[in-house]
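Please open the model in your viewer and keep the sequence panel beside it. The tour below moves from one selection to the next and says what can be found at each stop.

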Amino acid sequence: RVGPPRALLLLVAACDPGEVADKAMRRTAETVVFPVINVDMPAGPAQAATDCILAEATSDELRLLARDVGVVAGTSTKATIRSIALRPGAQACFAAAGVPPIR
């Protein structure tokens, strides 16, 4: 029988550091994207739209968005979010989630 400390060690060892970093970056980018989207729609649809945008963003775009954590999103950040939101994959995700398209 594997005791709790050893089980925890095995669980931690099984984590992929790249996957952990990607999830952390995605969560950080979410804190930048959501407030921008939430200006134009209520929280529920804004969260769904944010999820769609993050799903469509590249790793480089996620890093770019995450850099703006803790500050008000500027023109460049808003343009990046809009560019991602206008992609066909994001638009399809919006439609599936009942989110109005971003124009």
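Begin by selecting T80, which in this predicted model sits in helix 5. Is T80 buried or exposed? With a relative accessibility of 14%, T80 counts as buried, because buried means under 20% relative accessible area. If you show what surrounds T80 and leave aside its neighbours within four places in sequence, you will find that T80 is in contact with L64 and L65.

Now zoom out and colour the protein chain by secondary structure, so as to place helix 5 among the other elements. The protein chain has 6 helices and 0 strands, and read along the sequence it follows the pattern α-α-α-α-α-α. Of its 103 residues, 27% are buried. Among the contacts between residues at least 6 apart in sequence, 57% join residues at least 24 apart.

The next stop is helix 4, which covers residues 59-66, and A66 is the residue to select there. A66 is buried, its relative accessible area being 12%. Draw a distance from A66 to V32, C-alpha to C-alpha: the two are 34 residues apart in sequence, and 6.7 Å apart in space. Apart from residues within four places in sequence, A66 is in contact with M25, T28 and A29.

Stay with helix 4 and display the charged side chains, since side chains of opposite charge can pair when their charged atoms come close. How many salt bridges are there? The count comes to 2, and both can be visited from here.

- Select D60 and R63, which form a salt bridge whose closest N and O atoms are 2.4 Å apart. Both residues lie in helix 4, 3 residues apart, which is about one turn of the helix. D60 counts as exposed at 54% relative accessibility, whereas R63 is partly exposed, with a relative accessible area of 42%.
- Select E61 and R87, whose side chains meet in a salt bridge at 2.3 Å, N to O. This pair links distant parts of the chain, 26 residues apart, with E61 in helix 4 and R87 in the loop between helix 5 (75-85) and helix 6 (88-97). E61 counts as buried at 15% relative accessibility, while R87, at 21%, counts as partly exposed.

From R87, move along into helix 6 and select A90. The relative accessible area of A90 is 0%, so A90 is buried. Not counting residues up to four places away in sequence, A90 touches C52, E56, I84 and A85. A second distance worth drawing runs from A90 to L54, which are 36 residues apart in sequence and 8.9 Å apart in space, C-alpha to C-alpha.

Helix 3 is the next element to bring into view, and T50 is a residue to select in it. At 0% relative accessibility, T50 counts as buried. Once the neighbours within four places in sequence are set aside, T50 is in contact with E30, V33, F34 and I37.

Next, look at the nonpolar interior. Which residues have the most contacts inside the largest nonpolar core? They are V33, I37, M41, I53, I81, F94 and I102, within a core of 20 residues. Helix 2, helix 3 (43-56), helix 4 and helix 5 each supply at least two residues of this core, and the largest share, 5 residues, comes from helix 3. Centre the view on I53 to see several of these side chains together: leaving aside neighbours within four places in sequence, I53 is in contact with V33, I37, I81, I84, A85, F94 and I102.

For the last stop, turn to the empty space that is left between the atoms. The largest pocket holds about 250 Å³ of space. It is lined by 15 residues, and the ones to select in order to find it are V36, I37, V39, D40 and K78, the closest to its centre. The elements that give two or more residues to this lining are helix 2 (17-38) and helix 5. If you colour the lining of the largest pocket by class, you will see 11 nonpolar, no polar and 4 charged residues. I37 therefore closes the tour as a residue to look at again, being named both among those closest to the centre of the pocket and among those with the most contacts inside the largest nonpolar core, where the residues are by definition buried.

Definitions and conventions: Residues are numbered from 1 along each chain as its sequence is written. This is a predicted model: local features need pLDDT of at least 70, side-chain atom pairs count only at pLDDT 80 or more; totals for chains, interfaces and linings use all residues. Side-chain values use heavy atoms; hydrogens and water are left out. A salt bridge is a side-chain nitrogen of Lys or Arg within 4 Å of a carboxyl oxygen of Asp or Glu. Helices (H or I, at least four residues) and strands (E, at least two) are DSSP runs, numbered from the N terminus. Buried means under 20% relative accessible area, exposed over 50%, partly exposed in between (1.4 Å probe, protein chains only). On a 1 Å grid over the protein atoms alone, a cavity is a set of points where a 1.4 Å probe fits but cannot get out, and a pocket is an open set with protein on both sides within 12 Å along at least five of seven lines; lining residues have an atom within 4 Å of a point. Grid points are joined across faces, edges and corners, and a volume is the space filled by probe spheres set on the points. Ala, Val, Leu, Ile, Met, Phe, Trp, Tyr, Cys and Pro count as nonpolar, Asp, Glu, Lys and Arg as charged, and the others, Gly among them, as polar. A nonpolar core is a set of buried Ala, Val, Leu, Ile, Met, Phe, Trp, Tyr and Cys residues joined through side-chain atoms within 4.5 Å. Contact means heavy atoms within 4.5 Å.
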